Amino acid sequence: MNTAEQALRRLELTVTRRLDGLLHGAHQGLLPGTGSEAGDSRVYVPGEDDVRRMDWAVTARTTIPHVRDLIADRELETWALADLSPSMDFGTADTDKRDLVVAAVGAIGFLSSRMGDRFGALVIHDEYIHRMPARTGRPALYGLLHSLMDAPRGQIVPDPPDLAEGIDVLSASRRRRGMRLIVSDFLDAQPDLDPDAERPWERPIRRLAARHQVLAVEVIDPRELELPDVGRVAFADPETGNVREVHLSPKVRQAYAEAAAQQREGTRRALRRAGIAHLVLRTDRDWVFDVAQFVLRQRRMSHLAHRRPV
């Protein structure tokens, strides 16, 4: 068994034993909700039911207000947008950012495949956005993850596709409702440090969320948040190849940390404005624990939102 196959088997065991064990219960997917498929009609209960779900046809026939329940979706089509641009080939802690991309896609994929969902992916890599068709079954998912793991490190290419373009392709290529996963560091080529400024990918992701259930996974490395006190260092931009020497004085390190915090806050606010679920994975943390905590938090919020008033 080769190294890639062993890594994928470990990933599957991690998801099925640790993650799935933490998330046991009758829930569909990582983002619990009421679903989108129409179910049976029942009598409307004032103060408890949403009037937007009123079944007017049954109400007209019976002269008694009825609402139509929603049932959880089954056999959905889940698509992931995996960012494998050069900035993802970076890591100074326990793993690289690219490894977390594979872990996040694998976690969603293994959990989706256990429910019979089809799983496909779009991959931003070099000058192309590669498409891997949605299929069911463990062999198909293994093949997709193998492709992500075996992809060569990103190269510097002229006018590469950005995250906004990838989201547009994801939104246009598959119209059927389902879950959409976006895994990226959300770093822009020309970052705007104003936390309230609109991000280049904000409008595309808002359009995507209007039709699909969307989960954004932000992948970061601790060195992207603060710099060590090591004196003079040569920095290379993985996207452009530009190299610059910088003396990491306390003033420079403080300015960098403040700029990084503003960039992350801008990402958080943009995703919140778009109504997107936001999960942060770090290369220096246990990603399984972070995913489990995120899902449990989402379930508590969903429970509180749908709890009937006393």
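What follows is a chat between two colleagues about a predicted model.

Colleague: Let's start with the overall make-up: how many helices and strands are there in the protein?
Modeller: This is a predicted model, so everything here is computed from it. The chain has 310 residues, and 43% of them count as buried. As for secondary structure, the count is eight helices and 10 strands.

Colleague: Among contacts between residues at least 6 apart in sequence, what share joins residues at least 24 apart?
Modeller: That one looks at how far along the chain the partners sit. Of the contacts in the protein between residues at least 6 apart, the share that joins residues at least 24 apart is 75%.

Colleague: And what part of the accessible surface belongs to carbon and sulfur atoms?
Modeller: The accessible surface of the protein is about 16800 Å². Carbon and sulfur atoms account for 50%.

Colleague: On to the open sheet of six strands: which are its edge strands?
Modeller: The strand order is 5-4-3-6-7-10, and the pairing is mixed. An edge strand pairs on one side only, which applies to residues 128-135 and residues 277-282. Neighbouring strands in this sheet are turned against each other by 15° on average, direction ignored. The edges, then, are strand 5 and strand 10.

Colleague: In which sense do strand 3 and strand 6 pair, and what is the bridge partner of Trp-79?
Modeller: Strand 3 covers residues 77-83 and strand 6 covers residues 179-184; the two share four bridges in the parallel sense. Follow Trp-79 across to strand 6 and you land on its bridge partner, Arg-180.

Colleague: Which helices pack on the sheet, touching strand 3?
Modeller: One is made of residues 97-113 and also touches strands 4, 6, 7 and 10, with its direction at about 165° to that of strand 6. Another, residues 163-173, touches strands 4, 5 and 6 as well, and its direction makes about 150° with that of strand 4. Those two are helix 3 and helix 5.

Colleague: What is the bridge partner of His-125 in strand 5?
Modeller: Strand 4 and strand 5 pair in the antiparallel sense over six bridges. They form a hairpin with two residues between them, and Asp-126 in the turn has a positive phi of about 55°. Across from His-125, the bridge partner is Tyr-128.

Colleague: Which residue forms an aromatic pair with Phe-110?
Modeller: There are two aromatic pairs in the structure. In this one, the ring centres are 6.0 Å apart with 70° between the planes, an edge-to-face arrangement. Phe-110 sits in helix 3 and its partner in helix 4, 32 residues apart. Both are buried, and the partner is Tyr-142.

Colleague: Why is the pair of Phe-186 and Trp-201 edge-to-face?
Modeller: Planes over 60 degrees apart count as edge-to-face. Both residues lie in the loop between strand 6 and helix 6, 15 residues apart, and both are buried. Their ring centres are 5.1 Å apart, and the pair is edge-to-face because the planes stand at 65°.

Colleague: Is Phe-186 buried or exposed, and what is its relative accessible area?
Modeller: Phe-186 also catches the eye for its backbone: it has a positive phi of about 55° although it is not a glycine. Most residues other than glycine have a negative phi. Buried means under 20%, and Phe-186 is buried because its relative accessible area is 1%.

Colleague: How about Thr-63, buried or exposed?
Modeller: Thr-63 has a positive phi too, about 60°, and is not a glycine either. It is found in the loop between helix 2 and strand 2. With the cut-off for exposed at over 50%, the relative accessibility of 68% means that Thr-63 counts as exposed.

Colleague: Which backbone nitrogen lies 2.8 Å from a polar atom of the side chain of Asp-89?
Modeller: Asp-89 is in the loop between strand 3 and helix 3, and is buried at 12% relative accessible area. Leaving out residues up to four places away in sequence, Asp-89 touches Arg-98, Arg-153 and Gly-154. The backbone nitrogen in question belongs to Gly-154.

Colleague: Last one: what separates the C-alpha atoms of Pro-195 and Gly-266?
Modeller: Pro-195 is in the loop between strand 6 and helix 6. Beyond its neighbours within four places in sequence, Pro-195 contacts Gln-262, Glu-265, Gly-266, Arg-269 and Arg-273. Pro-195 and Gly-266 are 71 residues apart along the chain, yet their C-alpha atoms are separated by 3.8 Å.

Terms used. Residues are numbered from 1 along each chain as its sequence is written. This is a predicted model: local features need pLDDT of at least 70, side-chain atom pairs count only at pLDDT 80 or more; totals for chains, interfaces and linings use all residues. Side-chain values use heavy atoms; hydrogens and water are left out. Buried means under 20% relative accessible area, exposed over 50%, partly exposed in between (1.4 Å probe, protein chains only). Contact means heavy atoms within 4.5 Å. Accessible areas come from the Shrake-Rupley method with a 1.4 Å probe; for residues, only the protein chains shown count as cover. Two strands pair if DSSP finds at least two bridges between them. Axes are lines fitted to C-alpha atoms, for helices over the stretch in contact, and angles run from 0 to 180 degrees between N-to-C directions. Rings of Phe, Tyr and Trp (its six-membered ring) pair if their centres lie within 6.5 Å; planes under 30 degrees apart count as stacked, over 60 as edge-to-face and the rest as tilted. A polar contact is a pair of N or O atoms within 3.5 Å; within protein, one must be able to donate a hydrogen and the other to accept it, and residues adjacent in sequence count only if both atoms are side-chain atoms.
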